[in-house]
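Work through the exercises below with the model open. Each task is followed by a stepwise solution.

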Amino acid sequence: MQMHRRTFLMTAAMLAPSTVSWAQDASATFHDLLVQYRCPVVDRLQRIYEADGPADDQDRFLIIDFPDRPQDYVQCVFDSRTKMLCEASSGYFYDAPDKPRTYRLLAAAIAALGRLGFSTDDSAGNFRIWFDVANPPDFNTIADFMLKSLHDGYGARADMKLHFNAPFAPHTSSQCIPVS
């Protein structure tokens, strides 16, 4: 299967809001999601990237999902210091391999993920996109991409709880915890 390769600079341009009024509402909800979750995502991505040891390469991932909907997720893994693979759940892995498929994303969600550059073929797995990672990495842009994917594809909003799975960064560091 041919995989798409794009740089995060191109993705940043795709994140710009449209002038249509419904898109302005979506832009506002995306902005609120960024305010709530950008720091914890950037923090984890940076710690994952900086983790030492080639034996640990398989654990250089971040999965973001919803506690009450773990079948809806976006996950990214640093394949190396210069490449990253991101996947958006297609529902393909929701059921056991020997069972008929019972969960699929709505066409609008698939189209939204396609506009972000993900493959839209879910016949053999998740939706995928490969990226070149800048040197130094732009963790803000990677975080924005992951959150935009969750926002547009799965309806993530700032008032929703998100769950993080990252072996190298299981908890948010103190830099992202508000001080009262």
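**Exercise 1. Find what joins β2 to β3, then trace the pairing through β4.**

Step 1. A two-residue hairpin joins β2 to β3. The model is predicted: local features need pLDDT of at least 70, side-chain atom pairs count only at pLDDT 80 or more, and totals for chains, interfaces and linings use all residues. Numbering runs from 1 along each chain as its sequence is written, and side-chain values use heavy atoms, without hydrogens and water.

Step 2. β2 and β3 pair antiparallel over six bridges; pairing requires at least two DSSP bridges. Isoleucine 64 stands opposite valine 74 in β3.

Step 3. A hairpin of four residues leads from β3 to β4. These two strands pair antiparallel over five bridges. Here valine 74 faces alanine 88 in β4.

Step 4. Seven of the ten residues of β3 are buried (under 20% relative accessible area, 1.4 Å probe, protein chains only). The strand β3 is therefore largely enclosed by the rest of the structure.

**Exercise 2. Check the span of helix α4 and describe its ends.**

Step 1. Helix α4 covers residues 139–154, 16 residues. The expected span is 1.5 Å times one less than the number of residues, so α4 should span 22 Å. Its end C-alpha atoms are 22 Å apart, which agrees.

Step 2. Aspartate 138 caps the N-terminal end: a side-chain oxygen lies 3.3 Å from the backbone nitrogen of asparagine 140.

Step 3. Just after α4, glycine 155 has a positive phi of about 75°.

Step 4. Of the 16 residues in α4, 14 are buried.

Notes
Buried < 20%, exposed > 50% of the residue type's maximum accessible area, 1.4 Å probe, protein only. Polar contact = N/O pair within 3.5 Å; in protein donor to acceptor, adjacent residues only side chain to side chain.
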